[in-house]
Amino acid sequence: MKPLTPKTRSAIVYGHNCGHSSHTIAKQLGCRKTTVNDILKRLCETHSLTPKKQTGRPPLLDSPAQQKLKSFIKENNENCQLCSKIIATT
């Protein structure tokens, strides 16, 4: 799921302050009701609209590198049998 823009987060708070339900806000903005509720909960707890920092290990390969790896494996049937050291060197 892609992160929400600051404009969308502000629209959620504005809709809540106007008295709209979470369902109505979600329908108008094209997101889920739980997303709206999470934004409002975070606003009440931290008094901030900034998203949480992503936790966990970052990916080893970025998107372009992942695409290159996929295309290398798919271009030849024998490539799927190669070990990771050989793939890394090629």
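**Core, cysteines and surface of the predicted model**

S22 is found in helix α2, helices being DSSP runs of H or I with at least four residues, numbered from the N terminus. The structure is a predicted model, in which local features need pLDDT of at least 70, side-chain atom pairs count only at pLDDT 80 or more, and totals for chains, interfaces and linings use all residues. Residues are numbered from 1 along each chain as its sequence is written, and side-chain values use heavy atoms, with hydrogens and water left out.

S22 has a relative accessibility of 18% and therefore counts as buried (under 20% relative accessible area; exposed is over 50% and partly exposed in between, with a 1.4 Å probe and protein chains only). With neighbours within four places in sequence left aside, S22 is in contact with K33, V36, N37 and L40, contact meaning heavy atoms within 4.5 Å.

V36 and L40 also belong to the largest nonpolar core, a set of 7 residues that further includes I12, I25, A26, C31 and I39. Such a core consists of buried Ala, Val, Leu, Ile, Met, Phe, Trp, Tyr and Cys residues joined through side-chain atoms within 4.5 Å. At least two core residues come from each of α2 (22–29) and α3 (33–46); α3 gives the most, with 3 residues. In soluble globular proteins, nonpolar side chains tend to be buried together. Within the core, C31 is in contact with A26 and V36, again leaving aside neighbours within four places in sequence.

The structure holds 0 disulfides, a disulfide being a pair of cysteine sulfur atoms within 2.5 Å. For C18, the nearest cysteine sulfur is that of C31, 16 Å away. C18 is partly exposed, with a relative accessible area of 42%. For C44, the nearest cysteine sulfur is that of C18, 16 Å away. C44 has a relative accessible area of 59% and is thus exposed.

On the surface, L60, L61 and L69 make a nonpolar patch of about 280 Å². Accessible areas come from the Shrake-Rupley method with a 1.4 Å probe; for residues, only the protein chains shown count as cover. Patch residues have over 30% relative accessible area and no salt bridge; like charges are joined within 9 Å and nonpolar side chains (Val, Leu, Ile, Met, Phe, Trp, Tyr) within 5 Å. A salt bridge is a side-chain nitrogen of Lys or Arg within 4 Å of a carboxyl oxygen of Asp or Glu. L69 lies in helix α4 (residues 63–75) and is partly exposed at 35%. S71 is also placed in α4 and is partly exposed at 42% relative accessibility. The C-alpha atoms of S71 and V36 are separated by 38 Å, the two residues being 35 apart along the chain.
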